[in-house]
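Student: I've got a protein model open and I'd like to learn how to read the empty spaces inside it. Can you walk me through it?

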Amino acid sequence: SVPIEFNVWLLYRQLVDLILLNDFAAYFFLCSCYLGSANDSEAWHTYLRIAGGVILLAFNLWVKVDAHRVVKDYAWYWGDFFFLVEQSLTFDGVFEMAPHPMYSIGYAGYYGGSMITGSYTIFYASLAAHMLQFLFLSFVENPHIEKTYERPPLAVQVIQKSRNRRLSSAASDHEESINGAVEVGPTAASGSMTTCETRSSIRERPASLWHPDLIVFKNFDLFRASDILIVLLLLYSVGIPLGFMWATGNKRFVLIYSIIQCICWIVFRTLVLGFLLRKQSSSQLITRWFIKHGGNGEEAFSSWRAVYNTVTIMTYGSFGLVAATAYHWGDALVSNLVLFHTLGLLLIAFHVWSSRSVYEVLGDFGWFYGDFFARDSSMLSLAPSDFKLYYTGIYRYLNDPEKVIGQAAFYGLALISRSWAVFALALLLQIGSFLFNTYVETPHMQKIYGAQVRRDSGIVRTVKNAVNKGVGQPVFVNGQNGAAKVSEEDRQLLGHHSRNSESLSMVDLLTSTTRPVKDMFLETKGLLSTTTARLAEITLPAELSKIDHLNMYDIKPHPGAAWKMASSGKGSVSSKIAKNMYYLGESIRVSWQAPVNHSRRDWIGIYPVTANFSNQITTVGSKGCYVYTHPDENLLAEMVVGDSVFAGFVKSAANVKDAAGSVDYASMNGLTNGSFARGGSRKRNSASASVQVLQGEVLFSSSALPFKVGTYEMRLHHGGTHAVIAQSKPFEITVCETKDIVRALGQQSAPDPVQASPDDVEYLSHALLHIINKTFAVTDSHAVSLPRESPASIAASNGHMGVDDAGDVAVQTEVVEPLESVSDVFSVDGALDEKQARRLGYAIKEYLGVEFASDVLIHAAKHGATVLDVAKRVVEARKALSAYSSATFLTK
């Protein structure tokens, strides 16, 4: 009586309970084996250790209970992996205290057990178990949360944007028709060219938009002068002292030098930079200085970013030098050495995570204190569109993470080096950060954002609520003891909204270290594929002999834009050659024919011509480049938004004479690469029997298209298998010349008022608009019921395929392009992921001859670069490269 997804979830809940109960029992019995194994020198050590462990266990229990109170059974048992309900992410109670409390502080009991037993074995087992929880969070939970609640898939965004655009256009047309002022004309989205309007909001983009600044060592460029100078500065101040110490053994002198240097950098960072920012906040000191000497606000902010990053790197470097010089353990126990190193590395990892989390929220602008240099988005190129505070990311839990946990790595170095001098420097840096925040950052935030700045952090608010609830009366009330009532708007945390995934993930790290194993695996896989193909050729004829009217299966691609241009005399190749050419990103329509009783799971795949060993069976994966010819209801039940594999449908039914006689299937074993003639049928007693066939089309578009220049072929496969029953001629996916892009990827019949010059910004911006639209196009498909009298339903009924009175089911497909004009941001939702950036970078390289790294495109999209901005950048790059092209030198 309920959907199957709900029943499957109930079954999964039982499995989860079984596993979690056994997990807890196994850990409990492991701890019981090590009770009394600690060797405490004093009795009060034992009491203190056990008390701390009990407190952690009680805290763990409270976290779990409060988390269940907030998320209920639905989220506790991952219900949104099975079905969705009308709700959004909730941040209440313990979820305001720490990120992902079910996986982070929700396992504090692990370390409580370690303290009670006093066993290093339990501690490291607990640490390993906790790391596995974080792996589950990183590779399972976080991707699902992002897809479901934060950023929907590209296909969903593009389709929704297109539908909103249609509704807006329909409403506008209706209003114009009422007023009697309807005007019909071409639009940029339809492919015709219009004059670029000058936008007042478009400003010249600085280099930092395209070439991201160095943030510590992120975005390091080997050929950028400032980056090289920072490396040389580190070498002189850190590398040479270390080399001197190892060469001479004079450790004391180097230690004194490194401590003095570290103190100088800490003082410079706290006092000098703090003074400059405070004066910048009150009187725009830095900006006025640059304007006075011929610069502007952009140059002032750019210079400040370079200075701040250099000081940060030198602070870290000098601190590392002190830790390396002061490192000593002497006759310490190995167990203590391992423990302190483990805790130190954990603090360093925690520091890296917190810094990345801060950067993900603030972005480049906030990381470099950009709101000290600009009060609105029109003043600086990196400024956000609005100056508001948002409670996102790590700022949901802490008002100022840098002040509280921003020095964790330095305390970790103190533990690893076992040096009180390093600890004292870490404490000095913590005090400096506190002073910087109190006297520079906080006053400026109050002045700029006013009431938006909240008083209590998420952790403080959660603790106060827990105390009020535990005591049974309001100990912390609004206006007393510093507590403040938080409005719904103020439940958004500090930080300019932006998300960045440019940093190296754990998946990339594991992949890079296992590359040799992966290469060996691919070689073995290729050998197995070849062997499989040879074995299949022996057994395949028997399988194909069971298919009725095998010679009636056929596929034939329709000519594309290249052939249309050649036929009209506008192409650069003959129409005969262009007939088998398609442009990169262009949709390909294919006609197919099959007997009326063909399998509804027949599918067509596109492969490189050299990919498959045999013409009779496909031995490599399609990598998503496939489409079902005539999907039935069972297949269509698997369809999700943006799917492009169900774009096949029936156009008509016909009676065709089967003129083929019998065929010797055994002779098919001798066929090699060449024409694979599939003829004959099981009905060999008649050479001219009439066969009823279905004729239809499929559309290869968006993700179903191979997005790489090369030569390909299409293969029609039988019934969900890899047995090939028809094959197309080889065809080529290529790119056109720059001057033909608008005509090739837009409307061939549309007039072109703009001069098609490859170096004209106006033309190139429209060409780039079409390239981006082809790159990010998605397929909008939805199933419809065909009437009983439709060709597909009639043919299906005559073929006894079990069609009911409602008729057959077909798919209506539309290719949706996301952008309308050159003034649009060149991404769908203001952000690009790595895959989208690589795809767009490849298209720009092939069509325009300019190569952009994926991180450059991600950075530019994040800061609102438009299609016109990218076109200007392309023109600049083409001019810079054309002066040194081989053609230029040959003409000279």
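**Reading the cavities**

Tutor: Let's start with the main one: the largest cavity has a volume of about 480 Å³. Keep in mind that this is a predicted model.

Student: Okay. Which residues are closest to the centre of the largest cavity?

Tutor: A cavity is described by the residues that line it. Here 30 residues do that job, and those closest to the centre are Tyr 308, Tyr 369, Glu 402, Phe 436 and Glu 441.

Student: Which helix gives the most to the lining of the largest cavity?

Tutor: That's α14, with eight residues. Other helices join in as well: α8 (251-283), α10 (297-326), α11 (334-367) and α12 (401-405), like α14 (420-449), each supply at least two residues of the lining.

Student: And how many residues of each class are in that lining?

Tutor: Sort them by side-chain class and you get 15 nonpolar, nine polar and six charged residues.

Student: How many cavities of 30 Å³ or more are there?

Tutor: Three. The second largest has a volume of about 40 Å³. Its lining is made of Gly 585, Ser 587, Ser 701, Ser 702, Leu 705, Lys 774, Ala 777, Val 815 and Glu 817. Sorted by class, that gives three nonpolar, four polar and two charged residues.

Student: Let's zoom in on one residue. Where does Gln 407 lie?

Tutor: Look in the loop between α12 and α13 (408-417).

Student: Is Gln 407 buried or exposed?

Tutor: For this you check the relative accessible area, and under 20% means buried. Gln 407 comes in at 3%, so Gln 407 counts as buried.

Student: What does Gln 407 touch, leaving out residues up to four places away in sequence?

Tutor: Its neighbours on that count are His 351, Glu 402, Leu 429, Gln 430 and Ser 433. Glu 402 should ring a bell, as one of the residues closest to the centre of the largest cavity. With Gln 430 there's also a polar contact, side chain to side chain, at 3.5 Å.

Student: Can we zoom back out to the whole chain?

Tutor: Sure. The protein chain has 27 helices and 12 strands. Of its 892 residues, 42% count as buried. For the outside, look at the accessible surface: about 45700 Å², with 61% belonging to carbon and sulfur atoms.

Student: And what share of contacts join residues at least 24 apart?

Tutor: Among contacts between residues at least 6 apart in sequence, 78% do.

Notes:
Residues are numbered from 1 along each chain as its sequence is written. This is a predicted model: local features need pLDDT of at least 70, side-chain atom pairs count only at pLDDT 80 or more; totals for chains, interfaces and linings use all residues. Side-chain values use heavy atoms; hydrogens and water are left out. On a 1 Å grid over the protein atoms alone, a cavity is a set of points where a 1.4 Å probe fits but cannot get out, and a pocket is an open set with protein on both sides within 12 Å along at least five of seven lines; lining residues have an atom within 4 Å of a point. Grid points are joined across faces, edges and corners, and a volume is the space filled by probe spheres set on the points. Helices (H or I, at least four residues) and strands (E, at least two) are DSSP runs, numbered from the N terminus. Ala, Val, Leu, Ile, Met, Phe, Trp, Tyr, Cys and Pro count as nonpolar, Asp, Glu, Lys and Arg as charged, and the others, Gly among them, as polar. Buried means under 20% relative accessible area, exposed over 50%, partly exposed in between (1.4 Å probe, protein chains only). Contact means heavy atoms within 4.5 Å. Accessible areas come from the Shrake-Rupley method with a 1.4 Å probe; for residues, only the protein chains shown count as cover. A polar contact is a pair of N or O atoms within 3.5 Å; within protein, one must be able to donate a hydrogen and the other to accept it, and residues adjacent in sequence count only if both atoms are side-chain atoms.
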